[in-house]
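The questions below deal with charged pairs, surface patches and cysteines in one protein model. Each answer ends on the value or name asked for.

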Amino acid sequence: DDSSQNLTQNMTQDQSQRRHSSQRNTNVTRVRGKHTHESRGAEPEIGIVESIEIVDFMCHEMATVNLCPKVNFITGQNGSGKSAILTALIIALGGKASITNRASSLKGFIREGRQRATVKVQLRNRGPDAYRPELYGSSIVIERQLSNGTVVSQYKLRNGDTGEVVSKKKDDLVAITDHMAIQVDNPINILSQDAAREFLASTSPDKMYQFFLKGTQLHQLREDLSAVSQAITRAESNIERKKEVLPEMKAEKKRWEQHYEDMKQARDLAAKMTALSQQMAWAIVEEAENEVREADEKLGVQQQKVAKIDEKVAELNAVIDTINAEADQLSEQAHELLRQLEPLQAEKSEPVEQMEATKAALRRFKQTEADMNMEARSTRERISSLTAEIATERARLESKDQAGKEKLRLAITALEDNIKEEEARIADLQAEQQEFEERSSVLRETKVGCHREVDKNRDLVTRTRTGLEEMMRSTSNRLNAFGQGVIEALDMIDRAKWKDSKPIGPIGRFVKLRNPKWARIIETTLDKSLNSFLVESYADRTALDAIFRRCGCQSRIVICKSELFDYSQGEPDSRFTTMLNMLDIQDEVVKRQLINLNRIEQIILVEQRAEGDKIVVANH
């Protein structure tokens, strides 16, 4: 400051005693709006202004005033800036420019030629009644910056011990001043020069009373009481109006409750129909699987019978081999007998030759007829004997050979009969086996045909749905699929004004299918949820319902909050494919509502009933 300014502060306990002679034995400290009497030497612990620092404020370029905890005197020449310190205190504590009677706006407090000004006030914050000492420490530094530009004044509330900025909100400053019972606009707390002159010059009881009302804030209390009375009057009027429409609202409530019950029953019936249709589909599949299983069982039985027949055929082949071996042995015996017959035939030819020799001898020796006759007789006897022996031996040989041949023939005939019987049995078994194989082949073909028919129908459904989706994508306006009047309703929704956010819908606009093979089950599960609309309040629901009635739209309206909750706790293990995984949902609010309405994050998709049963058993 310039040399003409003489700014000093002094505070002594004697001056305080002279200033407050009536309080010779006590000192009054303000704590939270109350007055507590402490001993004479005690110092206040809360709400005491410890220092004021101003930069480019009014006539001061930079000044720091450190104050004592009780009474302070600031002296100086006129224009030296004594009132500027009091004004800086008012401004720093949140006061308006109008109550200082020094400027009409905060810009008027900025030193001439400067763009901004800064005011800092440090308040004591100690003792058991300190305001949030864990944040602000033992003292609170309140800093307010004023600017010549369009930027409004800014507050910074710092921890006096660390200098750290705790808050920049004026609401926190108001909370601090309320806690410390500091009222900057109350002349009892801060009395400016103009207010003091007005008080000294006021001799009229009316003015004195007005000053009393202002100082005790009874005037503000009267205005607050008047405002409260008006609010009570308006509230009573609103209550009366509400009482008049209450019966109608109750009737409307009952009507909507009945409507809700009807919709709930319809939803339950739809869910039952969906469950029954799913059960019917699985029942058809189960019946086909049972038929295939029975065919496989019959095929296994027939295969076992064929194996037994093969074993019997092997046994019969072994018997036939045995019979063939016996036949070969008999044949060798017959050949041996024939070899034994050859010496006898040789012996038969030798007597004949001797007879011829004898006849020749008889012709040569006729002269010795007697001798020759004797010899002839002897020869004849011998020939007769030999002839008899030959006949006997031949008869014996022929009888023995015939019996062996007959026995061999009978054995062979019996073996042939056995072979024919076994061949007949084998033929019967082969025919029965052929019949079983034909039936097994028919059952296999039936099974393959069933699988082929199921695959054909599944492929047909998939191709149909794919074609339908392509056709819907290729149409000029796919919103027609969500029901009558949806396009007109959307147009009116865009042009209407809403209490909260604009309705979202139909839900199906934001949902796409990732894999067409799950289209049927997903469509059955979601059902009417796809053409629903989402609103955030009852008022918006009433307005949207009126639009639907005008457009003839039958879509469902769901009241919900745009809360993006965490649904990961309800999802199963990542190895399972859920209905949520198969849907591409473009809006997070729509995704949460489908989770709320249909639990799509918990529904697991499987292709076979058996696989689903295993999952259910494993999780129980």
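Q: How many salt bridges does the structure hold?
A: The model is a predicted one. A pair counts when a side-chain nitrogen of Lys or Arg lies within 4 Å of a carboxyl oxygen of Asp or Glu. By that criterion, the number of salt bridges in the structure is 16.

Q: Which residue forms a salt bridge with E257?
A: E257 is partly exposed, its relative accessible area being 37%. Its partner sits in helix α7 (residues 218-364) as well, and because the two are 4 residues apart there, about one helical turn separates them. The closest N and O atoms of the pair are 2.3 Å apart, and the partner is K253.

Q: How far apart are the closest N and O atoms of D491 and R495?
A: Both residues belong to helix α9 (residues 486-495), where D491 and R495 are 4 residues apart, about one turn of the helix. They form a salt bridge, and the closest N and O atoms are separated by 3.0 Å.

Q: Is R495 buried or exposed?
A: The cut-off for exposed is over 50% relative accessible area, with partly exposed below that down to 20%. D491, the salt-bridge partner of R495, has 42% and counts as partly exposed. R495 has a relative accessible area of 60%, so R495 is exposed.

Q: How many residues apart in sequence are the parts that K517 and E607 tie together?
A: K517 forms a salt bridge with E607, with 2.4 Å between the closest N and O atoms. K517 lies in the loop between β11 (511-513) and α10 (519-526), and E607 in the loop between α12 (588-598) and α13 (609-618), so the parts tied together are apart in sequence by 90 residues.

Q: Which residues are joined into one network by salt bridges that share partners?
A: The pair of K517 and E607 is a salt bridge, and K517 is partly exposed at 43% relative accessibility. Elsewhere, salt bridges with shared partners make one network out of E50, R124 and R126.

Q: Which residues gather in a patch of negative charge on the surface?
A: One of the members, E291, is found in helix α7. E291 has a relative accessible area of 42%, so it is partly exposed and passes the patch cut-off of over 30%. The residues of this negative surface patch are E287, E291, E294 and E297.

Q: Which elements give two or more residues to the nonpolar patch formed by Y209, F212, L218 and L221?
A: Y209, F212, L218 and L221 form this patch on the surface, and together they have about 390 Å² of accessible area. The elements that give two or more residues to the nonpolar patch are α6 (205-216) and α7.

Q: To how many disulfides does the count come?
A: A disulfide is a covalent bond between the sulfur atoms of two cysteines. Among the cysteines, C68 is partly exposed at 27% relative accessibility, while C560 is buried at 9%. With a cut-off of 2.5 Å between cysteine sulfur atoms, the count of disulfides comes to 0.

Q: What separation do the C-alpha atoms of Y155 and S167 have?
A: Y155 is found in strand β9 (residues 154-159). At 6% relative accessibility, Y155 counts as buried. S167 is 12 residues from Y155 along the chain, and their C-alpha atoms are separated by 8.1 Å.

How values were computed:
Residues are numbered from 1 along each chain as its sequence is written. This is a predicted model: local features need pLDDT of at least 70, side-chain atom pairs count only at pLDDT 80 or more; totals for chains, interfaces and linings use all residues. Side-chain values use heavy atoms; hydrogens and water are left out. Buried means under 20% relative accessible area, exposed over 50%, partly exposed in between (1.4 Å probe, protein chains only). Patches are made of residues with over 30% relative accessible area and no salt bridge: like charges are joined within 9 Å, nonpolar side chains (Val, Leu, Ile, Met, Phe, Trp, Tyr) within 5 Å. Accessible areas come from the Shrake-Rupley method with a 1.4 Å probe; for residues, only the protein chains shown count as cover. Lys and Arg count as positive and Asp and Glu as negative; His and the chain ends are not counted. The place of a charge is taken as NZ of Lys, CZ of Arg, CG of Asp or CD of Glu.
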